[in-house]
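Visitor: I would like a close look at one part of this model, with its surroundings.

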Amino acid sequence: MNLNYDVIVIGGGHAGCEAATAAARMGAKTCLVTMDMNKIGQMSCNPAVGGIAKGQIVREIDALGGEMGLVTDATSIQFRMLNRGKGPAVWSPRAQCDRGKFIWEWRTRLDHMEGLEIWQDEATELLVENGEAVGVRTIWGVTLHAKATIITAGTFLNGLMHVGHNKVPGGRCAEPAVLHFTESITRHGITSARMKTGTPVRIDKRSVHFEDMEEQPGETDYHGFSYMTAPRHLKQLPCWTTYTNKDVHDTLRAAIADSPLYNGQIKSTGPRYCPSIETKLVTFPDKEQHPLFLEPEGEDTNEMYLNGFSSSMPMDVQLAALKKIRAFRDIKVYRPGYAIEYDYFDPTQLKPSLESKIVNGLFFAGQVNGTTGYEEAGGQGTIAGINAALLCGGSEPYIMKRDEGYIGVLIDDLTTKGVDEPYRMFTSRAEYRILLRQDNADARLTEKAYNLGIATRERYDHWLRKKEEIERIVSFCTTTNVKPRDINVALESFGTTPMQFGSTIASLVARPQLGIKQLASAIPSLQAALETGDERQEEIVEAAEVLMKYEGYIKRERLIADKMHRLEDIRIKGHFKYDQLHEISTEGRQKLTRIDPETLGQASRIPGVSPSDINVLLVLMHR
């Protein structure tokens with residue numbers, strides 16, 4: 001049996017779903033190959049989307065025309081905007097989701113997507129002819145041909161799960177590993193290695209003493225993930241917090257020799273920023289307690305997720321330790337936590353488009369590139385899907401720059417620096433945080449997405465109306481003056497200095513002590529100007545306020561980013577034989593040869609390539 005497509009996507013996780021969506025939306029005949037159609041978009045670990053920097057990525061996926069934001073908002077059971085106490089550059093949305101409804105929302109959307117077919121099967125062999133990926137063969141003997149193949153296999157490639165001394169092959173709990181596909185890729189010169197991640201115990205909420213925990217409610221305002229979404233409609237549920245204690249730590253330490261992480265059973269590297277509970281004890285031996293967050297798995301289930309207690313310790317040890325926490329003294333669990341080792345491929349073998357440098361037409365996205373997190377996977381999947389479709393149409397790839405999105409930062413970091421541990425996005429990884437806010441992803445990306453053909457006309461028009469309203473409010477505030485006698489009493493009541501001379505409303509908005517809604521209560525004309533008549537009024541007003549309050553910072557960062565574009569515009573790939581350039585350092589020659597950067601800007605970010613090496617290349621390029 002032979003099937004023919006433009007794009008094949010291997011794996012139905014978060015990267016695969018977004019890749020298939022992007023390719024199909026752009027007109028490519030696409031097939032999503034997944035081992036289980038009932039697990040599409042499965043949240044293998046925490047049933048939550050977003051968080052610090054991750055939330056920004058989801059908003060970027062949405063602005064590009066992807067689905068993760070829409071699916072999250074449709075299945076959210078608790079929403080919070082993190083970092084509200086800091087500046088808007090680091091505000092980050094996060095939502096708990098109903099795990100089961102999340103899967104079926106994704107399944108429904110994919111089932112009804114024009115140009116997309118789903119094939120339930122397991123890819124067992126990558127097919128390559130003359131250095132070009134031409135499709136895959138499956139365990140059922142089906143051959144799927146395509147112009148572009150995207151690998152988004154998550155943790156399934158030679159996956160091995162660990163609980164104590166027990167080892168079981170698997171991609172995640174109760175699902176089989178994919179045992180031969182890695183070898184069919186590496187035989188073509190692509191290198192692979194191993195990484196490790198883990199997940200915690202799942203708890204029956206009927207056995208929890210909630211009176212001994214602190215309730216953590218969500219927020220019910222207008223914020224969400226998608227720029228296109230109606231308000232959340234599922235029942236909003238609280239999370240709960242508690243802490244480990246000395247007795248918990250003593251129980252775990254007594255059995256540390258049975259931990260696969262410390263008895264030599266697991267040899268691969270785990271995520272630094274999501275450590276297991278046993279890793280926390282070893283890394284922070286003097287810490288007497290660690291926070292734990294008990295999070296609901298859905299509206300209609302008793303299953304709860306214990307965030308902060310990822311572990312691969314023996315089952316009895318996990319349970320005994322948890323019972324030392326007062327709220328869990330009568331605890332019952334659905335299953336223990338476990339660790340999983342899996343194959344990934346060195347992402348420096350990829351172009352910034354996420355296409356392989358070694359095998360043409362082969363793309364990689366998600367955890368197979370050494371990342372961790374649904375959001376990082378979804379962002380890569382979107383870009384891989386876009387570029388696979390562009391490749392099929394003979395067009396130049398779409399490369400997102402570091403000042404255009406966190407997804408651009410993520411992919412540049414992966415392809416330029418590589419990974420030696422599972423990569424997780426943080427706001428601190430981006431040098432242009434004030435440009436990459438969660439409120440302006442549509443301003444940065446929606447027009448590009450519409451021109452590429454992934455964003456619909458409806459979404460583009462939605463953005464244009466919002467843009468017009470933001471500009472109207474900003475224009476009103478920058479051109480409307482206020483006299484001291486009309487505002488000073490209000491300013492004093494707001495706890496800020498009275499004015500000596502008249503000024504624009506925008507200059508008052510820029511004061512750190514004042515908010516635009518606060519001012520509107522004292523300035524009737526401003527109140528009238530903020531009435532947009534749009535259902536997104538609060539979102540529009542917030543976006544306008546951020547632009548005015550942080551105008552100086554935004555302009556300064558934009559100026560710096562534009563200067564860096566000069567290096568990004570100088571293409572050097574194919575111009576040099578680096579091993580023959582004795583004017584640059586030995587380390588610089590070695591790193592440049594290995595990465596083979598596309599531009600001088602990318603070369604400047606390679607660890608080990610010095611500023612003087614870049615100056616030499618710049619001189620040689622001009623010569």
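Visitor: With which side chain does the side chain of D439 make a polar contact, and at what distance?

Guide: The partner is the side chain of R437, at 2.8 Å; a polar contact pairs N or O atoms within 3.5 Å, a possible hydrogen donor with an acceptor, and takes sequence-adjacent residues only if both atoms are side-chain atoms. The model is predicted, so local features need pLDDT of at least 70 and side-chain atom pairs 80 or more, while totals for chains, interfaces and linings use all residues. Numbering starts from 1 along each chain as its sequence is written, and side-chain values use heavy atoms, without hydrogens or water.

D439 sits in the loop that links α10 (406–417) to α11 (441–452), helices being DSSP runs of H or I with at least four residues and strands E runs of at least two. At a relative accessible area of 6%, D439 is buried (under 20%, 1.4 Å probe, protein chains only). Beyond four places in sequence, D439 has contacts (heavy atoms within 4.5 Å) with R59, Y227, K466, E542, A543 and V546.

Elsewhere, the largest nonpolar core (buried Ala, Val, Leu, Ile, Met, Phe, Trp, Tyr and Cys joined through side-chain atoms within 4.5 Å) has 105 residues, and L144, F181 and F364 touch the most other members. Helix α9 (residues 374–392) supplies the largest share of this core, 8 residues. Apart from this core lies another, of 24 residues, including I473, L491, L514 and V541. Among the contacts of F181 beyond four places in sequence are I10, L126, V136 and I151.

Technical notes:
Buried means under 20% relative accessible area, exposed over 50%, partly exposed in between (1.4 Å probe, protein chains only).
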